[in-house]
Amino acid sequence: MTDYFEELNCQPIPDEEVQSHQLMLMVRFMRQNGFLNEDFERELRAPPAAKEVIEALKEKRVTKDDEKCTICLKPNDEPEPETGTLNDLFKILPCKHEFHATCILPWLAKTNSCPLCRFEMKTDDEIYEEQKRHRARQAQREAEIESLHDSMYG
């Protein structure tokens, strides 16, 4: 009776290479099944908010009695350490959350969502916007199917 490796005409993997070989097999499997492609990697990283959205944000001057910025948690009457000026300008996001302009603008330059509620704003990335529309259509279809199922069997 022949052993497995002789029958397939191959050599066993040396013990020191087993881990890298398993990793290579996992990567191959993920690529073949669509997990490692550009769209998947792009979907993991939300793009920055659109420039027109950032420019259109409403501004508000705050007083000492207004709520603190939930990003920096500094009192509104505390001056900025770098400039010595009062940080009294708040930007109001479409979801109605308010933040210091100096806190939220760097955030929106990296991602398109509110740091508190994750409300997503429009981006300049067409591929991401198409993925967002696709996810919304898919969620709507699932809700319609669930509603149809409930009406038939509920």
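# How the terms apply to this predicted model

Guide: From the N terminus on, the elements of the protein chain follow the order α-α-α-α-β-β-β-α-α, which amounts to 6 helices and 3 strands. The model is a predicted one.

Visitor: What makes β1 and β2 a pair of strands?

Guide: Two strands pair if at least two bridges are found between them, and strand β1 (residues 58–61) and strand β2 (residues 89–92) are joined by 4 bridges in the antiparallel sense, so the name applies. Within this pairing, Lys58 stands opposite Ile92 in β2.

Visitor: How do you know that β2 also pairs with β3?

Guide: The cut-off is again at least two bridges, and 3 bridges join β2 to strand β3 (residues 98–100), the two running antiparallel; therefore they count as a pair. Phe90, for instance, has His100 in β3 as its bridge partner. β2 and β3 form a hairpin with 5 residues between them, and Lys96 in that turn has a positive phi of about 80°.

Visitor: Why is the contact between Lys91 and Glu59 called a salt bridge?

Guide: The term requires a side-chain nitrogen of Lys or Arg within 4 Å of a carboxyl oxygen of Asp or Glu. The side chains of Lys91 and Glu59 meet at 2.8 Å, N to O, so the pair satisfies that limit. It links distant parts of the chain, with Lys91 in strand β2 and Glu59 in strand β1, 32 residues apart. The structure holds 7 salt bridges, this one among them.

Visitor: Why is Lys91 called buried, and why does Glu59 count as partly exposed?

Guide: Buried means under 20% relative accessible area, exposed means over 50%, and partly exposed lies in between. Lys91 is called buried because its relative accessible area is 8%, whereas Glu59 has 48% relative accessibility and therefore counts as partly exposed.

Visitor: How do you know that Glu120 and Lys132 form a salt bridge?

Guide: Their side chains meet at 3.9 Å, N to O, and the limit is 4 Å, so the pair qualifies. Because Glu120 lies in the loop between α5 (101–108) and α6 while Lys132 lies in helix α6, the pair ties together parts that are 12 residues apart in sequence. Glu120, at 33% relative accessibility, counts as partly exposed, and Lys132, at 21%, also counts as partly exposed.

Visitor: What makes Glu120, Glu129 and Lys132 one network?

Guide: The side chains of Lys132 and Glu129 also meet in a salt bridge, at 3.6 Å from N to O. Lys132 and Glu129 are separated by about one helical turn, because they are 3 residues apart in helix α6. Glu129 is buried, with a relative accessible area of 10%. Salt bridges that share partners thus join Glu120, Glu129 and Lys132 into one network.

Visitor: How do you know that the span of helix α6 agrees with its number of residues?

Guide: At 1.5 Å a residue, the 28 residues of helix α6 (residues 126–153) should span 40 Å, and because its end C-alpha atoms are 41 Å apart, the two values agree. Helix α2 (residues 18–32), with 15 residues, reaches 21 Å from its first C-alpha to its last, close to the 21 Å expected. Just after α2, Gly34 takes a positive phi of about 80°.

Visitor: What caps the N-terminal end of α6, and which residues of α6 are buried?

Guide: Asp125 is the cap, with a side-chain oxygen that lies 3.1 Å from the backbone nitrogen of Ile127. Within α6, the buried residues include Tyr128, Glu129 and Gln131.

Visitor: Why is Arg45 called exposed?

Guide: Exposed means over 50% relative accessible area, and Arg45 has 58%, so the word fits. Arg45 is found in the loop between α3 (38–44) and α4 (51–55). Arg45 and Lys110 are 65 residues apart in sequence and 9.4 Å apart in space, C-alpha to C-alpha.

Visitor: How many of the residues in the protein chain are buried, as a percentage?

Guide: Of the 154 residues in the protein chain, 19% are buried. The accessible surface of the protein chain comes to about 11900 Å², and 55% of it belongs to carbon and sulfur atoms. Among contacts between residues at least 6 apart in sequence, 46% join residues at least 24 apart.

Methods. Residues numbered from 1 in each chain as written. Predicted model: local features only at pLDDT ≥ 70, side-chain atom pairs only at ≥ 80, totals over all residues. Heavy atoms only, no water. Buried < 20%, exposed > 50% of the residue type's maximum accessible area, 1.4 Å probe, protein only. Contact = heavy atoms within 4.5 Å. Areas by Shrake-Rupley, 256 points an atom, 1.4 Å probe, with all protein chains shown as cover. Expected span 1.5 Å × (residues − 1). Polar contact = N/O pair within 3.5 Å; in protein donor to acceptor, adjacent residues only side chain to side chain.
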